[in-house]
Each structure stands twice: as C-alpha cells, then as structure tokens.
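New to this one? Let's walk through a few spots together, starting with a single residue and ending at the ligand.

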Amino acid sequence: MTQPLAPTVALKNGAQMPRLGLGTWPLDDAEAEQAVATAIGSGYRLIDTAFNYGNETGVGRGMKASGVPRDELFVTTKLNKEDHGVDEAQRAFERSAGKLDVDTIDLLLIHWPNPQQDRYVDAYRGLVKLLEDGRVKAIGLSNFKPAHVDRVIAETGVVPDVNQIELDPTKTRAEVRTYLAEQGIVCESWSPLGGRSDDLRHDATITRIAEARGKTPAQIVLRWHMELGLVTVPKSADPQRQRENLALFDWSLTADEVAAITALDQGGDVGVTDSEEFGH
Ligand SMILES: NC(=O)c1ccc[n+]([C@@H]2O[C@H](COP(=O)([O-])OP(=O)(O)OC[C@H]3O[C@@H](n4cnc5c(N)ncnc54)[C@H](OP(=O)(O)O)[C@@H]3O)[C@@H](O)[C@H]2O)c1
C-alpha cells in the first residue's frame, strides 16, 4: 500500500529534498537492494547512503527495481577523508555515481570533517565544482561543527545546502540548529531514533505520548523531528516498520508534547560523537 509522500524542503541551490527518507547503514548490497525497493514501493523518495557503507551498488539496484522514475527519487551519498581534495572529490563522484548507476547525484556530502587532516575546504571546493558542472543537484556537509561550516563559507563564498548531524531527543543540538537556520542550511538528523539502542523507544515520556495518541514510540520521535523542521533518514529493513516510519504526515504533536520530548535533552554535546576526534 502506498502512503502519502513526505513533503519536501527547498534547498539553497534549487533542489527539492524530501523531509523523510530511508537510512541504509549498516545494510550490505543485497539487504540494501531489498530495503530500498520496498521503501520506495511504500512511498519513500529520499535514500541515504555513503561510500563508507559499502552498499551504493545495492541502493542503486533497489532504486531501479522499484520502477519509480529516477527523477522522482532523491539519493544522498557521502565521500570519505581520502577524497578530501578538488580532484579527489571528482573521482569520488565518478565512483559513487558508477556504483549507484546514476548520471547525477541529488546530494553529495563530505561525510566527516577530519579537521586533523585539514583538507575539508578543498573537498568542498570539489563539491562546488561538481555543482557548477551539473553533476550533483545539491552539496553539503555531515558532522561539521559551526566553526567548520564557518570556515567552508568564508573560504569559498558558497553556503552548503545541508549539514547532516547526529540528533535525537536526547541530543537536540539547539545551538547547532539555530546556527544552521541562520545560515539557511537544512539540518538533517542521523540516528533519529537513537540508533540501534531501544532506550529512546522505551522512554517513559515517549511511550506516554505514544499510548495517548495511538501511535508507536518511533512515530512520536520521528514526528518530533518533523515538528523541529528537520529532514531525517530513519533506517529500517523491515517493510512494516518502514511504512510506520513514513506515516507521519496527517497528524502533528502539540507544542506541549514537543516541549516534553525536547526536555529529554542531556545537555550540551553529551553523547554526541566528537568530529574533532572521529571521522572516516
Ligand atoms: N552522517 C553520518 O555520519 C551518519 C552516521 C550514522 C548514520 N547515518 C545515516 O542515518 C541513518 C539512520 O541512523 P541509524 O541507522 O544509525 O539509526 P536510527 O535510524 O535511529 O535507528 C535504526 C534502528 O532502529 C530500528 N527501527 C527503525 N524503525 C523502527 C520502528 N518503527 N520500530 C522499532 N525499531 C525501529 C531499526 O531496526 P530494523 O531495521 O530492524 O527496523 C534499527 O535497528 C543511517 O542508516 C545512515 O543512513 C549517518
């Protein structure tokens, strides 16, 4: 059964990005092919992958197997630290586009800033060239702190479309969200359900709201991301949970419910992976 499509958000460089899509880590090629095909069949139009996930081939096959025309789908992929450089980014594009078997990539992200390597600005210059050449429709960052984003903008004069960051009700990242909104950069949450841990889905506040509304805990958390104006990419390989996670767009949370969920924040960057230290 096909559900209503997720609404879209207009990106700075003109592309329309669906507000909710399918995450694909840690699926392998075969699993990704299956999961992507069923998700698109249920109404998903945004798919999130990365060179690092090792499943771009499967994602591309799933997109084709879905039967939905390429121009109705939005695929995001990400390049690794070995690809930080102008020429390296072109090669990364060719490699990922080849695996996905697409001519253009909708959104290409720098997966992690790897500041100790100090090459992310050159990687971004490479993305700008791909954008100018029409090979990608939108460009962006992932796991970049405001200081990293500031530097990218100051040194290139081009504002990224998206920054994809770790964000859930226990890590609400208020300062980063405010900063990105001021810059007109779309904030996209990864691990929106708290990743593979069940803690968030068993949280007392979440389950209370879920029971009161006849929704599942995952739906309450994902709708909270929507109320905050975010884009997000929950991962599920299960067709029923995929449909559940997309069934968010004919109801909403009250301001009090949003505030109660936001109050689960642990404060500061507690629990957030530190991109000064970690990255690939
Ligand atoms: N940019 C980055 O550095 C970065 C880092 C990590 C992740 N990501 C992206 O973000 C995506 C999402 O993050 P994530 O996969 O870490 O975590 P997540 O989406 O928060 O959670 C995924 C987990 O929740 C389960 N799940 C999903 N829907 C559910 C539901 N309705 N009810 C109960 N359980 C449910 C999934 O299991 P089932 O599959 O069994 O349903 C899976 O174990 C990734 O897949 C990836 O595309 C990006």
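Set aside the neighbours within four places in sequence, and Arg45 is in contact with Leu5, Pro18, Ile40, Val68, Glu72, Leu73 and Phe74. Keep in mind that this is a predicted model. You'll find Arg45 in the loop between α1 (29–42) and β4 (46–48).

So what about its charge? Arg45 is buried yet has no salt bridge. Glu72 is the nearest side chain of opposite charge, at 4.6 Å, and a salt bridge needs a side-chain nitrogen of Lys or Arg within 4 Å of a carboxyl oxygen, which is why this pair doesn't count as one. Ile40 offers something else: its backbone oxygen lies 3.0 Å from a polar atom of the Arg45 side chain.

Next stop, helix α3 (residues 86–100), where Ala92 lies. Is Ala92 buried or exposed? It counts as buried because its relative accessibility is 2%, and the cut-off for buried is under 20%. Beyond its neighbours within four places in sequence, Ala92 is in contact with Leu79 and Asp83. Glu82 is 10 residues away from Ala92 in sequence, and their C-alpha atoms are 9.1 Å apart.

Now for the ligand. There are 28 residues around it, and Asp48, Ser191, Lys235, Ser236 and Arg241 come nearest. Here are some of its polar contacts:

| Ligand atom | Protein partner | Distance |
|---|---|---|
| oxygen | Pro192, polar backbone atom | 3.2 Å |
| nitrogen | Glu244, side-chain N or O atom | 2.9 Å |
| nitrogen | Asn245, side-chain N or O atom | 2.9 Å |

Taken alone, the ligand exposes 900 Å², and the protein buries 88% of that.

Notes. Residues are numbered from 1 along each chain as its sequence is written. This is a predicted model: local features need pLDDT of at least 70, side-chain atom pairs count only at pLDDT 80 or more; totals for chains, interfaces and linings use all residues. Side-chain values use heavy atoms; hydrogens and water are left out. Helices (H or I, at least four residues) and strands (E, at least two) are DSSP runs, numbered from the N terminus. Buried means under 20% relative accessible area, exposed over 50%, partly exposed in between (1.4 Å probe, protein chains only). Lys and Arg count as positive and Asp and Glu as negative; His and the chain ends are not counted. A polar contact is a pair of N or O atoms within 3.5 Å; within protein, one must be able to donate a hydrogen and the other to accept it, and residues adjacent in sequence count only if both atoms are side-chain atoms. Contact means heavy atoms within 4.5 Å. A residue is near a molecule or strand if one of its heavy atoms lies within 4 Å of it. Accessible areas come from the Shrake-Rupley method with a 1.4 Å probe; for residues, only the protein chains shown count as cover.
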